[in-house]
Structures are given as structure tokens and as C-alpha cells.
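Here's a quick tour for anyone about to load this chain into a viewer. Have a look at it, and then we'll walk through how the pieces fit together.

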Amino acid sequence: MNTLYKAVSAGRKEIDNRMKIDEKRLLREFTELVELDSLSFRERKAADYVKGKLEELGFEVSEDDAGTQYGGNAGNVYGFLKGTLPGETILFSSHLDTVEPGKGKRPVLSEDGRITSAGDTVLGADDVSGIVEILGGIRGVCGSGRPHRDIEVLFPVAEEVYVKGTKVFDFSKVRAREAYVLDLSGAVGAAALQAPSLLSFEITVTGRASHAGFSPEEGIHAIAVAGSAISKIRQGRIDPETTLNIGKITGGQATNIVPELCRCEGEIRSYSHQKALQTAREVQSVFEAEAAGAGAECRTEIRVDLTAYKIPREAAVVQRFERACERLGLPAHLTRTFGGSDNNTFAEQGIQGIVLSCGMYDSHSTSEYTTVTDLKRGAELVAELILQ
């Protein structure tokens, strides 16, 4: 056995012995959280549960009014734990909400440690896995008695609906300039350093209604105008870093009326924010030209839901992650994601964060699952990140 292997093995043994990650407690908390309905804007029970756990760990805990602003019933949960060592504060985050179908979730544990839903709902591992791993890792460090830096946590609401929770959070209270967001699919040990901009658009074409049988020539067919525009727009993966999709079209009143209105909704994603904006302008121009040519009108609304970011490989937040994985014997895998998360908001606020895999698989489906092993490894990783 070489010296490096001995050192790494000894280090991991020390972590396992001192962190005391309680696997049974992780599983119990995962089960309890999964069984709480926590759809976007209806996270009250999950927020109360997490607040209670943080208070048990000695955190100063607060909840903002995000729920009130959106007509929901819970706000973003923030916590601060004073450390015993100098150094930069470290921030961990996982969101409180889950997607549909998410009412009446029932976790099922198999003999091999795989956890699924009963099959009629999502499991909610997105993002309950991240929540319990954060709580478990912090609990392990506190229980070990080892000195640590200040710790902050943020458990936002409404992440699944374009990170609405963190968009209204008051970041002036956050001390940390580095963050770990546990909200990525796949085995523990992966981290996404880059994510795209996401723009949503809604285009309304207004034509002129007329009787389709008696006087069709007097009408301006809004659906036909929109269809002509769509036929001239390239969709799908339009280049290696950009996608465009028009996914919803509505219009018309009856089969015997030339439709006066047609509404088209879509999204654009790109690792380049400027390219996303330019693509949106090009879509708008095509619709406007088709509408003008037919004597119709066109109104376009473009919304920036997420702004792209890329964290440098040499950033301290990345280097700490790689050291932690080495200590735990995990194969650190640096990647990028084409999905968004609360980390997009952190980046806008000047916080360098990366998104960590937390052992969730097949998210947003009734086939979603995680494993007991992933939950424990995720908690161990959180603990080691705190101690780095």
C-alpha cells in the first residue's frame, strides 16, 4: 500500500468515525419530508419541518415573505450557525418545493436500499435528498465537536417555477460568497459549474374575425399567420449551446369563425445570455414580419427567467469540492447542466456557487428514485465541505 493511499484511507476512516452520519436518521427524515405535500407555493409543512430541525442544531432561523408575494403559504427559510473558526462563511441550499404529481407521496424502501414512490406520484427526492443531506452533514460536524467555519443555509420556495423564491429573497443578510446547491441529478460526486440562460416568450397575433362560411375573405386568420411564422423559425438545438422550442399554441373560438387571436408560448435556453436575447429578438422579428404582411398585429412579451453563469475551474469553491471528494474517495466529476437552479440567482448576486449531485434519479417523473447509500454519501460530502 503506497503512502498516498494510506493517507487517503486514514483520512476517510477519520471522517467515518468522527462524523457519525446516522443512516437511520437520514432515512427517517427523508421519509418524513417526502410524506409532506410540498408543491410550489404550498410548502408550509416542509418549511416548518426544516425550521424545527435547524433550531435543534442551534441555527438562528428566519423566514421571509416570499409566500405572501406570490400568493403562497410559506417563505424562504434562512439559517445562520456561528462557527468556532475564522474563515469564509459557507452556504448550502436545496429547495423546498416538488413538482406534480406530488400529492400523497409514499416512499417505498426496497431491500437493496433503493427508495421509490408508490408509482402514482413523484418521489420528491428532487429536492428532499438535498435537504436531508445538508441537515445530516451539519449534524455530523456538530456532533463530532470539530471546529468549523460559520455556516449558512437557504431553503427556498418555488424553485421549480423558475426560481421565484430566491428572486425575491433579501441577499443582503447572506455573508457567504461561496455556495453549494444540492440540486443535480446523478450519483454523489458530480458538480455542475455552468448553467444556461432561460428566456420565456409569449407572442399574440391579432387578426380579424369573420364568418368562415359567408365571408371568410373579410377575416385575417390569426392562426394561419402564426403558423406561417413558426414554419420559418428553426426549432430544437439551433447551435451547440442554444435551444428553442415553441411548445404551446392556443387560439380560435369556433370552427365557423375565422380566428381573430392566436397565442404562442415558448422558451429559449443558451449558455450565452447574449445569444439567448438575440434568438428571442429574431423570433419576434419573424412574427412581426408575417403579421405585417397579412395585415395583422403582433405583441411579444419576453421574460428572462434565468441568467447564464460559468464558474472557473480554479475557483476556490471548486477546489474545495475536489479536495472533499478526494478525502472521501469519491470520483469528482466536473460537468455542466442545461437546467436551471437557485444557483443562477446566487450567481446574479455575486455568490460563486456550484450545483452538486445529491443522488436523485429520473426526477420529475413517477419513476424517480434515490438510494440510502446516496443519502449517506451526500451527507458525508456536506460534512467534509464544511471542514475544508
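Let's start at one side chain: Tyr78 has a relative accessibility of 7%, under the 20% cut-off, so Tyr78 counts as buried. Keep in mind that this is a predicted model.

**Rings that stick together**

What does Tyr78 pair up with? Its partner is Phe169: the ring centres are 6.2 Å apart and the planes make 40 degrees, so this pair is classed as tilted. Tyr78 sits in strand β2, while Phe169 belongs to the loop between α6 (164–167) and β7, so the contact ties together parts that are 91 residues apart in sequence. Phe169 is buried too, with a relative accessible area of 7%. Zoom out a little and you find one aromatic cluster made of Tyr78, Phe169, Phe171 and Phe346. Over the whole structure, the search turns up 7 aromatic pairs.

Rings also show up underneath charges. Here are two cases where the charged end of an arginine sits over an aromatic ring:

| Charged residue | Ring | Distance to ring centre |
|---|---|---|
| Arg114 | Tyr369 | 3.5 Å |
| Arg237 | Phe338 | 5.9 Å |

Arg237 has a second role, this time through its backbone: its bridge partner in β13 is Thr243. That bridge belongs to the antiparallel pairing of β12 (residues 236–239) with β13 (residues 242–251), which are joined by 3 bridges. The two strands make a hairpin, with 2 residues between them.

**The eight-stranded sheet**

Back to β2, the strand that carries Tyr78. In what order do the strands of its open sheet run? The order is β1-β2-β6-β3-β7-β19-β8-β18, with 8 strands and mixed pairing. The edges are β1 (60–63) and β18 (333–335); each has a single partner strand, so one side of each is left without a neighbour in the sheet. On average, neighbouring strands here are turned by 25 degrees against each other, ignoring direction.

β19 is a good strand to follow through this sheet. Is β19 mostly covered or mostly open? It is mostly covered, with 8 of its 9 residues buried. One partner is β7: residues 178–185 of β7 and 352–360 of β19 pair in the parallel sense over 7 bridges. Within that pairing, Glu178 stands opposite Gln352, and Leu184 stands opposite Ser357. Another partner is β8 (residues 190–192), which runs antiparallel to β19 and is joined to it by 2 bridges. There, Ala192 stands opposite Val355.

**Helices against the strands**

Helix α3 (residues 44–56) packs on the eight-stranded sheet, where it touches β1, β2 (77–81) and β6 (151–155). The direction of α3 makes about 165 degrees with that of β1. α3 also meets another helix: the axes of α2 (residues 23–34) and α3 come within 10 Å and cross at roughly 150 degrees. Angles over 145 degrees count as roughly antiparallel, and so do α2 and α3. On the α2 side the residues are Arg25, Glu29, Glu32 and Leu33, and they meet Ala46, Tyr49, Lys53 and Glu56 of α3.

Helix α11 (residues 372–387) lies across β3 (90–93), β6, β7 and β19, and it runs at about 160 degrees to β3.

**A small second sheet**

α11 turns up again beside an open sheet of 3 strands, ordered β4-β5-β20 with antiparallel pairing. β4 (108–109) and β20 (369–371) form its edges, each with a single partner strand, so one side of each is left without a neighbour in the sheet. β4 and β5 (residues 114–116) pair over 2 bridges, and the bridge partner of Val108 in β5 is Thr116. α11 packs on this sheet by touching β4, β5 and β20, with its direction at about 65 degrees to that of β20.

**The chain as a whole**

The secondary structure comes to 11 helices and 20 strands, and the C-alpha trace spans about 85 × 40 × 40 Å along its principal axes. Buried residues make up 51% of the 388 residues. Looking at contacts with a separation of 6 or more, 79% of them involve residues 24 or more positions apart.

Technical notes: Residues are numbered from 1 along each chain as its sequence is written. This is a predicted model: local features need pLDDT of at least 70, side-chain atom pairs count only at pLDDT 80 or more; totals for chains, interfaces and linings use all residues. Side-chain values use heavy atoms; hydrogens and water are left out. Two strands pair if DSSP finds at least two bridges between them. Helices (H or I, at least four residues) and strands (E, at least two) are DSSP runs, numbered from the N terminus. Axes are lines fitted to C-alpha atoms, for helices over the stretch in contact, and angles run from 0 to 180 degrees between N-to-C directions. Contact means heavy atoms within 4.5 Å. Rings of Phe, Tyr and Trp (its six-membered ring) pair if their centres lie within 6.5 Å; planes under 30 degrees apart count as stacked, over 60 as edge-to-face and the rest as tilted. Buried means under 20% relative accessible area, exposed over 50%, partly exposed in between (1.4 Å probe, protein chains only). A charge sits over a ring if NZ of Lys or CZ of Arg is within 6 Å of the ring centre and within 35 degrees of the ring normal. Angles under 35 degrees count as roughly parallel, over 145 as roughly antiparallel, 65 to 115 as roughly perpendicular and the rest as oblique.
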